[in-house]
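Here are some exercises to work through with the model open in your viewer. Try each task before you read its solution.

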4 protein chains.
Amino acid sequence: MTQHKALPARRAPSSVKSEQRIKDILAVAREVFSERGYSSATTIEMARRLGVSEATVFTYFAGKRDLCVRVICDWYDEIIAEIEATLPHVTGTRAKLFFLIRTHLYRLMIDGPGLCALILSEGRAKDDTFGSEILQLQRRYTAPLMQVMADGVAAGDIRGDMPLSLLRSSIYGPMEHVLWDAISKKTVDIEETSNRLAQLLWQGLQPPNPNAAALEQLQRDMAAALRLYDQTSSSKK
Amino acid sequence: MTQHKALPARRAPSSVKSEQRIKDILAVAREVFSERGYSSATTIEMARRLGVSEATVFTYFAGKRDLCVRVICDWYDEIIAEIEATLPHVTGTRAKLFFLIRTHLYRLMIDGPGLCALILSEGRAKDDTFGSEILQLQRRYTAPLMQVMADGVAAGDIRGDMPLSLLRSSIYGPMEHVLWDAISKKTVDIEETSNRLAQLLWQGLQPPNPNAAALEQLQRDMAAALRLYDQTSSSKK
Amino acid sequence: MTQHKALPARRAPSSVKSEQRIKDILAVAREVFSERGYSSATTIEMARRLGVSEATVFTYFAGKRDLCVRVICDWYDEIIAEIEATLPHVTGTRAKLFFLIRTHLYRLMIDGPGLCALILSEGRAKDDTFGSEILQLQRRYTAPLMQVMADGVAAGDIRGDMPLSLLRSSIYGPMEHVLWDAISKKTVDIEETSNRLAQLLWQGLQPPNPNAAALEQLQRDMAAALRLYDQTSSSKK
Amino acid sequence: MTQHKALPARRAPSSVKSEQRIKDILAVAREVFSERGYSSATTIEMARRLGVSEATVFTYFAGKRDLCVRVICDWYDEIIAEIEATLPHVTGTRAKLFFLIRTHLYRLMIDGPGLCALILSEGRAKDDTFGSEILQLQRRYTAPLMQVMADGVAAGDIRGDMPLSLLRSSIYGPMEHVLWDAISKKTVDIEETSNRLAQLLWQGLQPPNPNAAALEQLQRDMAAALRLYDQTSSSKK
DNA sequence: CATGAATGAGAGTTCATTCAT
DNA sequence: TATGAATGAACTCTCATTCAT
């Protein structure tokens with residue numbers, strides 16, 4: 001787990017009750033930031049939903065920005081933990097990829113487009129207010145996918161004629177897009193959607209021209225067969 | 001071109017000078033909205049960049065929202081015009097797709113990720129303050145791609161086993177993502193990147209080839225036959 | 001007619017066209033001030049109704065305040081002219097009073113409650129921005145009524161046991177009040193209303209206890225009659 | 001007492017200190033609205049007079065409009081409470097009317113003409129932003145007077161040949177007018193003024209006395225009789 | 001003479017943040 | 001520890017007024 005600098009305004013979060021309060025605040029903050037985006041989210045709304053005063057929020061967090069950083073970090077922590085716990089038990093490039101795609105999509109769906117937008121927009125703000133911490137988490141989050149792809153390329157399961165970063169984009173990109181479509185509809189079959197998406201992407205990621213490769217192999221096999229036949233028939237002579 | 005209701009606060013934008021002012025304001029507004037997002041963008045910053053007073057901005061636009069709507073609409077107008085002018089002269093599913101991808105990516109690169117985020121986030125706000133006008137433009141913008149894909153499916157050039165909306169997402173999605181990567185680097189070869197992306201997507205969009213599967217099976221059969229022949233001929237020796 | 005200082009911003013209103021423009025502006029200004037009150041009235045609305053630019057208004061008037069002063073003054077001028085022209089031809093305290101009441105009510109009804117409120121509220125603003133000119137007009141406007149009442153008191157037609165200012169208030173006061181009631185109804189019969197109001201007020205203004213006066217007179221008459229009868233009958237003895 | 005929906009911007013006005021603040025703000029707001037009217041009154045002036053920041057005002061009230069509504073409602077509440085508490089203990093049409101007139105005039109004098117104008121102008125704005133609540137209060141406020149008059153008409157104490165609304169106007173109307181006169185003078189004897197006004201109005205409200213007319217006729221007859229008797233007796237001489 | 005264009009000076013309102021209790 | 005209370009700073013938006021053309 002990432003160790004946050006925590007930035008408490010004036011207290012050490014030691015007691016059990018304090019820990020719970022922090023969790024409550026973070027949960028509500030995640031909600032509000034998701035629904036409104038960073039700028040439009042207000043501390044008073046969070047306080048009201050929590051049933052506490054605004055000042056209480058500031059007792060536990062140094063400010064709105066810090067609160068938002070924590071929300072984003074926690075989100076990454078959760079999904080990273082999930083992936084790092086399960087991925088090692090999945091075998092095969094294809095299966096690993098399918099797993100990563102499904103996990104990512106699940107998260108996005110559950111946490112909603114708001115949080116997704118928050119992480120995308122605010123996480124990459126020009127002014128580095130959200131700092132390098134989040135950048136680091138982003139890298140840690142995408143690392144497993146990058147590894148899987150690198151291994152896949154080495155094993156010949158994935159095309160090696162393109163930069164990994166482009167492959168990564170073509171995996172994460174569609175998912176966010178699918179999400180926007182999803183919110184207009186009532187229900188979305190995540191399992192089905194992620195499966196289809198995975199199939200589509202997998203096919204795109206394949207080394208190009210499998211037909212040609214198969215044909216070349218067939219040619220080689222035929223040539224070998226012909227040679228063998230030649231030898232057999234000539235030995236009969 | 002979309003005909004805007006214009007909504008000027010007090011003035012009829014008739015003269016040449018007026019038109020220029022409006023263009024200047026829109027250009028700066030596009031910048032600021034791009035960099036800061038809707039909520040964090042301020043009218044005073046726009047005014048300062050223009051070297052005029054805030055009041056001047058409100059002389060030409062009814063308010064911040066209207067200004068933003070105009071920025072988004074103008075963006076759509078530009079790219080839609082570009083596509084509708086050129087696409088008809090491109091032939092072939094693959095070529096059309098490559099053209100659309102390159103055009104889209106170009107636009108995104110030129111206008112930057114901020115505007116992209118603005119259009120995505122604010123254009124889809126649940127409280128449709130930005131109204132149906134933008135929704136309409138969105139549909140008009142994606143319509144050509146959808147048509148190309150529908151035709152491609154009908155012609156057997158594109159796989160028909162997935163909803164068009166998913167295909168659309170897997171095209172538009174990566175591009176936005178690629179963009180985020182792009183801004184960290186100094187230079188990006190758009191031509192190369194869009195070409196690679198197009199290749200990747202094109203391959204993913206191909207109908208899963210039954211011929212290739214048959215060939216692979218044939219190959220396996222041949223190999224088995226060879227092995228058998230091997231064994232047979234060697235046991236005869 | 002009151003001679004206004006006119007306060008033109010930078011021009012002398014000499015030509016015929018100019019005079020017309022001034023009249024047009026004043027007419028529209030009266031409308032707008034009536035509908036919105038001084039503070040809420042805007043110069044741009046006046047300009048728009050006139051179909052000219054805001055600047056034009058300021059070509060003819062030094063500012064909003066001056067415009068408003070002129071509107072109020074003109075209103076007084078009109079009604080004063082009306083009264084001073086007709087009142088001399090009316091004879092009898094009662095008839096004069098009825099005439100004044102009807103004229104006042106007519107004016108109020110025609111010009112609407114807005115203008116009435118404007119004249120009442122703004123004409124008496126704490127900060128004497130509207131100056132002494134209006135105060136003078138107010139005095140000139142009420143002067144005829146005051147004169148009629150003073151004469152009436154002298155002639156015994158009107159009670160003399162109360163200050164004239166109180167009598168004046170009890171005449172002008174109800175009319176403004178009636179006006180407020182009037183605007184909620186569709187139509188008001190001004191003739192009937194002013195008649196009734198005049199009757200009511202006239203009765204209140206009568207010297208008190210006409211019954212007692214009549215009785216006293218009767219008593220005197222009876223005493224005289226008795227005395228005469230006495231003389232007659234005693235002369236028969 | 002009217003129960004207000006209160007509409008505090010952010011705080012629940014529970015504690016003693018809060019209640020006091022609210023009262024202070026309302027008192028100052030009443031002052032400022034009175035002096036300047038709704039449009040010209042500014043929140044910053046209120047804040048300055050209170051010695052607090054503008055934000056504090058908005059902490060307790062949702063906005064300028066709400067503040068004004070509260071000011072007007074509170075005014076009505078006060079006077080309505082006063083009337084409803086005392087009127088039942090007054091007997092006789094004349095005494096009731098005198099009491100109502102004195103109470104109304106007292107209120108107007110204490111609160112000044114500004115508040116009066118505010119209530120008249122803003123309370124009857126066509127765009128009923130101030131809503132039905134005030135209209136209701138207005139009705140509740142005038143109800144006792146209307147009842148007294150209706151009873152008076154039934155009992156023959158008050159003339160029944162005119163609409164009640166006209167009678168009401170002729171009572172409330174003069175009072176507001178008297179007020180305007182009052183502010184120019186240093187001191188006003190409210191007791192005396194209200195007594196005189198009440199006398200005047202009472203006389204106006206009396207049923208036109210047919211007895212008096214009959215008496216007058218009788219007097220004329222007697223005079224004629226006397227004249228005849230005069231001529232007769234002198235001619236006999 | 002009329003006006004297009006611009007603006008300074010505010011207005012109401014919001015909100016993250018502080019601090020004594 | 002929690003909060004009632006207060007606020008500075010900022011924001012969007014309005015409008016009477018000026019002035020070169």
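**Exercise 1. Count the salt bridges between chain C and chain D of this predicted model, then work out what the interface is made of.**

*Step 1.* Start with the charges: the salt bridge count between chain C and chain D comes to zero. For this you'd look for a Lys or Arg side-chain nitrogen within 4 Å of an Asp or Glu carboxyl oxygen.

*Step 2.* Now try polar contacts. Keeping to pairs with both residues at pLDDT 80 or more, chain C and chain D have eight residue pairs in polar contact.

*Step 3.* Which elements of chain C are involved? Those giving two or more residues to the side that touches chain D are α1 (16–40), α5 (93–121), α7 (164–184), α8 (190–205) and α9 (210–236). The most comes from α7(C), with 14 residues.

*Step 4.* Sort that side of chain C by class and you get 22 nonpolar, 16 polar and 11 charged residues.

*Step 5.* Finish with the totals. 49 residues of chain C meet 48 residues of chain D. The area buried between the two chains is about 4,100 Å², and carbon and sulfur atoms give 60% of that. On the chain C side, H177(C), L200(C) and Q203(C) supply 17% of the area buried against chain D, more than any other three residues.

**Exercise 2. Is R159(B) buried or exposed, and what is around it?**

*Step 1.* Find R159(B) in the loop between α6 (131–155) and α7 (164–184) of chain B.

*Step 2.* Check the accessibility. The cut-off for buried is under 20% relative accessible area, and R159(B) has 2%, so this arginine is buried.

*Step 3.* List the contacts, skipping neighbours within four places in sequence. From chain A you get Q199(A), L200(A) and Q203(A). From chain B itself, the partners are V153(B), L167(B), G204(B), L205(B), Q206(B), P207(B) and P208(B).

*Step 4.* Pick out a polar partner: a polar atom of the R159(B) side chain lies 3.1 Å from the backbone oxygen of G204(B).

**Exercise 3. Which residues come nearest to DNA strand F, and which part of the strand do they meet?**

*Step 1.* There are 36 residues around DNA strand F, and the nearest are T56(A), Y60(A), S15(D), R21(D) and Y60(D).

*Step 2.* Look at the DNA side. Of the strand F atoms that come within 4 Å of the protein, 62% belong to sugar and phosphate.

*Step 3.* Go through some phosphate contacts. T56(A) puts a polar side-chain atom 2.4 Å from a phosphate oxygen of strand F. In chain B, T43(B) uses a side-chain N or O atom at 2.9 Å from a phosphate oxygen, while A41(B) has a polar backbone atom 3.1 Å from one.

*Step 4.* Map the surface onto helices. The elements giving two or more residues are α3 (54–60) of chains A, B, C and D, together with α1 (16–40) of chain D.

*Step 5.* By class, the surface near strand F splits into 12 nonpolar, 14 polar and 10 charged residues.

**Exercise 4. Do the same for DNA strand E: which residues are closest?**

*Step 1.* Strand E is surrounded by 37 residues, with S15(B), R21(B), Y60(B), T56(C) and Y60(C) the closest.

*Step 2.* Sugar and phosphate make up 64% of the strand E atoms that come within 4 Å of the protein.

*Step 3.* Now the backbone contacts to phosphate. A polar backbone atom of K64(A) is 2.8 Å from a phosphate oxygen of strand E, and K64(D) also has a polar backbone atom at 2.8 Å from one. A41(A) places a backbone N or O atom 3.2 Å from a phosphate oxygen.

*Step 4.* For the helices, α3 of chain A, α1 (16–40) and α3 of chain B, α3 of chain C, and α2 (43–50) and α3 of chain D each give two or more residues.

*Step 5.* The class split here is 13 nonpolar, 14 polar and 10 charged.

**Exercise 5. How many helices and strands does chain A have, and which residues of α2(A) are buried?**

*Step 1.* Chain A has nine helices and zero strands.

*Step 2.* Of the 237 residues in chain A, 48% are buried.

*Step 3.* Zoom in on α2 (residues 43–50) of chain A: the buried ones are T43(A), I44(A), E45(A), M46(A) and A47(A).

*Step 4.* Look just past the helix. α2(A) is followed by G51(A), with a positive phi near 75°.

Note on methods:
Residues numbered from 1 in each chain as written. Chains lettered and ligands numbered in written order. Predicted model: local features only at pLDDT ≥ 70, side-chain atom pairs only at ≥ 80, totals over all residues. Heavy atoms only, no water. Contact = heavy atoms within 4.5 Å. Buried area = accessible area lost by both parts, 1.4 Å probe. Polar contact = N/O pair within 3.5 Å; in protein donor to acceptor, adjacent residues only side chain to side chain. Helix = DSSP H or I, 4+ residues; strand = E, 2+ residues; numbered from the N terminus. Nonpolar A, V, L, I, M, F, W, Y, C, P; charged D, E, K, R; others polar. Buried < 20%, exposed > 50% of the residue type's maximum accessible area, 1.4 Å probe, protein only. Near = heavy atom within 4 Å.
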